[in-house]
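Here are some notes to read with the model open beside you. Take them point by point, and find each residue on screen before moving on.

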Amino acid sequence: MTPEELFRAAHTGLPREAPGSPATTRLLLGLAGPLPARPRIVDIGCGTGPATLLLARETGGPVVAVDTHRPFLERLAADAAGLDVRTLEASMDDLPLPDGCADLVWAEGSAYVMGFDAALRSWRRLLAPGGVLVLTEAEWTTPRPAPGARAFWDPGYPGMRTTGANVTAAQDAGWTVAATYLLPDADWAAYYGPLTERLADLRREHPGHDEVLDGIGAEIGVRDAHGGDYGYTAYVLRPRRV
């Protein structure tokens, strides 16, 4: 198998593609309220839809689930049978959705793709009056992260900040920060546990590819060594009138 094929195999069929849990999604949904009956929801960077499915079931509202990876959307569509879920293959920074189309915009583990500030600018127009944005963001939890943590995160996300800096940025951009919540270690285990098992299976099934598989799993070792230096923080944000 090629490195790209091994990467796809490592991530295909995982319960989730980022740290999180049903308990955290429910907590954040509660913090986002009150919402209209059957709120209109847009789930950006939905992956295979662990949050999409829960939001659709808990609220009864219609959900537009957005991702760029068609296999994720195909799996989600099959799992969402009987729910009011529509999948949309589109880039998060160029969403073909009308202004004011959502009461709740949701983005677990995906905003870092375009950056916190850009996400707040780009997605604001989607919210109807009284709407709320919920996202999780990769952040430093210390002002002086270890070199090993920086070596992993800086190449892919050089603009990563602390919670305090992101709260200030959101307020300066015209948002009210209704709540923040640092995801617990259990939410990381819910992502990395299945990934660790998948990598072990691939080592047995495809010997001779340890170097590639070590690269795919490098983030797990960084988390084990430096997990106190960074995390995912959830934000519940409401736009201020300007």
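1. Let's start with a word we'll need: two residues are in contact here when heavy atoms of theirs lie within 4.5 Å. Keep in mind, too, that this is a predicted model. Now try it on threonine 25: which residues does it touch, not counting those up to four places away in sequence? The list is Ala51, Leu54, Leu55, Trp106 and Glu108. Threonine 25 itself belongs to helix α2, which covers residues 22-32. Is it buried or exposed? With a relative accessible area of 1%, threonine 25 is buried.

2. Next, look at the sheet. In what order do its seven strands come? Reading across, you get β3-β2-β1-β4-β5-β7-β6, in an open sheet with mixed pairing. The edges are taken by β3 (85-89) and β6, and each has a single partner strand, so one side of each has no neighbour in the sheet. If you compare neighbouring strands and ignore direction, they are turned by 20 degrees against each other on average.

3. Helices lie on this sheet too. Helix α2, the home of threonine 25, lies across β4, β5, β6 and β7 and runs at about 145 degrees to β4. Helix α7 also packs on the sheet, where it touches β5, β6 and β7. The direction of α7 makes about 160 degrees with that of β6.

4. Strand β7 deserves a stop of its own. It pairs with β5 in the antiparallel sense, over eight bridges, and with β6, again antiparallel, over seven bridges. For a concrete example of each, find leucine 133, whose bridge partner in β7 is leucine 237, and then tryptophan 175, which stands opposite proline 239 of β7. How many of the ten residues of β7 are buried? Eight are, so the strand is largely enclosed by the rest of the structure.

5. Now turn to helix α5, residues 116-123. Its buried residues are Phe116, Ala118, Ala119, Leu120 and Trp123. What do they pack against? The partners are the strands β1 (41-44), β4 (102-107), β5 (127-140), β6 (175-182) and β7 (230-239), together with helix α7 (163-172).

6. A quick check on the cysteines. A disulfide is a covalent bond between the sulfur atoms of two cysteines. How many does the structure hold? Zero. Take cysteine 46: the closest cysteine sulfur, in cysteine 101, is 15 Å away, so it is too far for a bond. Cysteine 101 is likewise in no disulfide. Cysteine 46 counts as buried at 6% relative accessibility, and cysteine 101 counts as buried at 17%.

7. On to the aromatic rings. A pair of them is described by the distance of the centres and the angle of the planes. The count here comes to nine aromatic pairs. One of them joins tryptophan 153 and tyrosine 230: the ring centres are 5.4 Å apart and the planes are at 65 degrees, so we call the pair edge-to-face. Why does this pair tie together distant parts of the sequence? Because tryptophan 153 lies in helix α6 (residues 147-156) and tyrosine 230 in strand β7, parts that are 77 residues apart in sequence. Both partners are tucked away: tryptophan 153 counts as buried at 11% relative accessibility, and tyrosine 230 counts as buried at 2%.

8. Then there is tryptophan 188 with tyrosine 192. Their ring centres are 5.8 Å apart and their planes are at 45 degrees, so this pair is tilted. The two sit four residues apart in helix α8 (residues 185-205), which means about one helical turn separates them. Tryptophan 188 and tyrosine 192 are buried.

9. Finally, put the rings together. Trp140, Phe152, Trp153, Trp188, Tyr191, Tyr192, Tyr230 and Tyr232 make up one aromatic cluster. Over which ring of this cluster does the charged end of arginine 223 sit at 3.9 Å from the centre? That is the ring of tryptophan 188. The charged end of arginine 223 also sits over the ring of tyrosine 230, 5.2 Å from its centre.

Conventions
Residues numbered from 1 in each chain as written. Predicted model: local features only at pLDDT ≥ 70, side-chain atom pairs only at ≥ 80, totals over all residues. Heavy atoms only, no water. Buried < 20%, exposed > 50% of the residue type's maximum accessible area, 1.4 Å probe, protein only. Disulfide = S-S within 2.5 Å. Pairing = 2+ DSSP bridges. Axes fitted to C-alpha atoms, helices over the stretch in contact; angles between N-to-C directions. Phe/Tyr/Trp six-rings, centres within 6.5 Å; stacked < 30°, edge-to-face > 60°. Lys NZ or Arg CZ within 6 Å of the ring centre and 35° of its normal.
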